[in-house]
Amino acid sequence: MTPGLHPAPTRHAGLVEWVERIAALTRPDRVHWCDGSEAEKQAIIADLVSRGTLRALDPDKRPGSYHAASDPKDVARVESRTFICSRDEIDAGPTNNWADPQEMRGRLEGLFAGCMRGRTMYVVPFCMGPLGSDISALGVEITDSGYVAVSMGVMTRMGAAALEQLGETGTFVPAVHTLGAPLDEGQADVPWPCNDEKWIVHFPETREIWSYGSGYGGNALLGKKCYALRIASVMARDEGWLAEHMLILKLTSPTGAVKYVAAAFPSACGKTNLAMLEPSLEGWKAECVGDDIAWMRIGADGRLYAVNPEAGFFGVAPGTSRNTNRNAVETLSRDVIYTNTALTADGDVWWEGLSKSPPDGLTNWKGQPHDPASGEPAAHPNARFAVAAGQCPAIAPEWEDPKGVPIDAILFGGRRASAVPLVTEAFDWAHGVFMGSTVASEGTAAAENKVGELRRDPFAMLPFCGYNMGDYFAHWLSMAGRTDPAKLPRIFFVNWFRKGADGRFIWPGFGENARVLKWIFERLDDRAAALDTPVGRVPAPGALDVEGLGLSESDLATLLDVDPDVWTEEAAMIPAFYAQFGDRLPGALWDQHAALSARLEDAR
Ligand code: PEP
Ligand code: NA
Ligand code: MN
């Protein structure tokens, strides 16, 4: 046994054996099994404060809150260093980096040998999803970062409760993380240890994660993107469920009727804002179940049930304000770990968008005095907060229900200046899967009704699908055969970002998005009228509640317009995108494309 190996608080022989093996490889000074207690959290935080990793914020302004500033070379997920190491390259697909698993294992053995010298190895058991849920699954992260251990305590159900769920024989996903910054005898630590070389590696067949060199976000908090999306997507394919990059929203109508919506958008499309929406419409209520990830399984009644596998929000701070997301701002009033925001002179945090102009005396995320004239932001654009979801004033009471919540509608969306209507309902499940497969955002500000350069992000899963995306589309299509298709959620495509000829956004967005949700809600009850267009069903004249919005007739017409000529151009771009998947692209999606082209031909 490695010197200092803390007696394991478990009789799970496989777990103990794995921990001993990783300790022997990485040679930490100490091994600490996390129990998830408040006392443990405070002790790790005190250690991080003494190393300069965390700084306590003014407890009168932000009780229980801390600030970390990362190394400037470790500020975001690194997709170029993220690998899916399936046995066969084709199973990683054309959209992931692939490396041969045997070669990669050899490389990792070398990189991890002695990588934790001088540090504590934390063993972090965690449950993704509510404790006791059939939809939930377990993992254990080994990390030499106290910041990661504490953050995992915020983002997951971490510690003794997860270990208890595991029992003596349970299955868990092993995830090994190192900063890649061993300390020699007597060597002083730095506030944000990391390595210039980074590897974020997944072995989908053996359900393993290995992460080297980064301490930031999804690179290091391995329960999130690495497990709950990349590895879980593979588990979901094999077991007949869905692991998706989706928020989960509860909607209550003025009569008290409830529906649940799951929604996938590429980044920078307002996912966290929609997850915490404050409806502008009198009598409507929106509550948050999750803001980033949904695990969904068909229940005994044939409906699709979703849980949020996470216990916290790891959100982008810049742009978050009382105007854009009041619920988020209130969630952030205490017990938050901020990373790469600016610091105020009086011991609080600040970021671009929090207030109109920066307060005097700001320290930027790099620790230097902020110079507003420099044009450099004070907070890093990917500055983050980590906070318990239960603190959100809009959290749905059932957000931790082990049964999950039955999903009535699935929304896809992108940032589209042109072509794409405010809301479109799919004709059926396969058509909805076709919509999801073609999700894209416009890179440049396109002119009205001229399609700009498109960045495809199918199902908003491009960086997160742990296997061949063609097979992923096929898996989505197969869900229709796993239950009565009438019990599956209906699928919609939304676009808050359409622009007028003058280049301004036509739709006000934010709380007014409740108007679109209301139409969707009423569609589900067959109470709202729709018009069939070649691309799907849009609100019939008068069916979308725009009362009091002050939209002109022509703006409303533009929002809902489907121009067959523009869409013929749009449809013509799809084959080049699909072609990369070769014979892994399901024929049913080529059929959808042909059917769309035929409908457009008829309409011209
Ligand atoms: C992350 O980096 O961990 C993360 C949450 O990424 P994103 O916001 O892009 O989903
Ligand atoms: Na990131
Ligand atoms: Mn995300």
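This report covers the confidence of a predicted model, the shell around its ligand, one bent helix and several paired strands.

**Confidence**

The average pLDDT of the protein is 96, and 98% of the residues score at least 70. For the complex, the predictor gives an ipTM of 0.90 and a pTM of 0.97.

**Ligand shell and helix 8**

Seven names make up the surroundings of ligand 1: Arg77, Gly217, Gly218, Lys224, Lys225, Ser267 and Phe314. Two or more of these residues come from helix 7 (217-220), and two or more from helix 8. By class, the shell holds 1 nonpolar, 3 polar and 3 charged residues.

Helix 8 spans residues 223-239 and has 17 residues. Its end C-alpha atoms are only 19 Å apart, whereas a straight helix at 1.5 Å a residue would reach 24 Å. Helix 8 also bends, by about 45 degrees, at alanine 232. Of the 17 residues of helix 8, 14 are buried, so the helix is largely enclosed by the rest of the structure. Glycine 240, just after helix 8, has a positive phi of about 85 degrees.

**Strand pairings**

The table lists three pairings with one facing residue pair for each.

| Strands | Sense | Bridges | Opposite residues |
|---|---|---|---|
| strand 12 (residues 247-252) and strand 13 (residues 258-264) | antiparallel | 6 bridges | threonine 252 and valine 258 |
| strand 13 and strand 23 (residues 409-413) | parallel | 4 bridges | alanine 264 and phenylalanine 412 |
| strand 1 (residues 30-33) and strand 5 (residues 120-128) | parallel | 4 bridges | histidine 32 and tyrosine 122 |

Strand 13 thus has strand 12 as an antiparallel partner and strand 23 as a parallel one. In strand 13, 6 of the 7 residues are buried, so this strand is largely enclosed by the rest of the structure. Strand 12 and strand 13 form a hairpin with 5 residues between the strands. Glycine 256 in this hairpin takes a positive phi near 95 degrees.

**Faces of strand 1**

In a regular strand the side chains alternate between the two faces of the sheet. Strand 1 shows such an alternation: Val31 and Trp33 point to one face and are buried. Arg30 and His32 point to the other face and are not buried. His32 is also the residue of strand 1 that stands opposite tyrosine 122 in strand 5.

Conventions: Residues are numbered from 1 along each chain as its sequence is written. Chains are lettered from A and ligands numbered from 1 in the order in which they are written. This is a predicted model: local features need pLDDT of at least 70, side-chain atom pairs count only at pLDDT 80 or more; totals for chains, interfaces and linings use all residues. The expected span of a helix is 1.5 Å times one less than its number of residues. The bend at a residue is the angle between axes fitted to the seven residues ending there and the seven starting there. A residue is buried if 20 or more other C-beta atoms lie within 10 Å of its own, exposed if 12 or fewer, and partly exposed in between; C-beta atoms are placed from the backbone. Two strands pair if DSSP finds at least two bridges between them. A residue is near a molecule or strand if its C-beta atom, placed from the backbone, lies within 6 Å of it. Ala, Val, Leu, Ile, Met, Phe, Trp, Tyr, Cys and Pro count as nonpolar, Asp, Glu, Lys and Arg as charged, and the others, Gly among them, as polar. pLDDT is the predictor's confidence in each residue, from 0 to 100.
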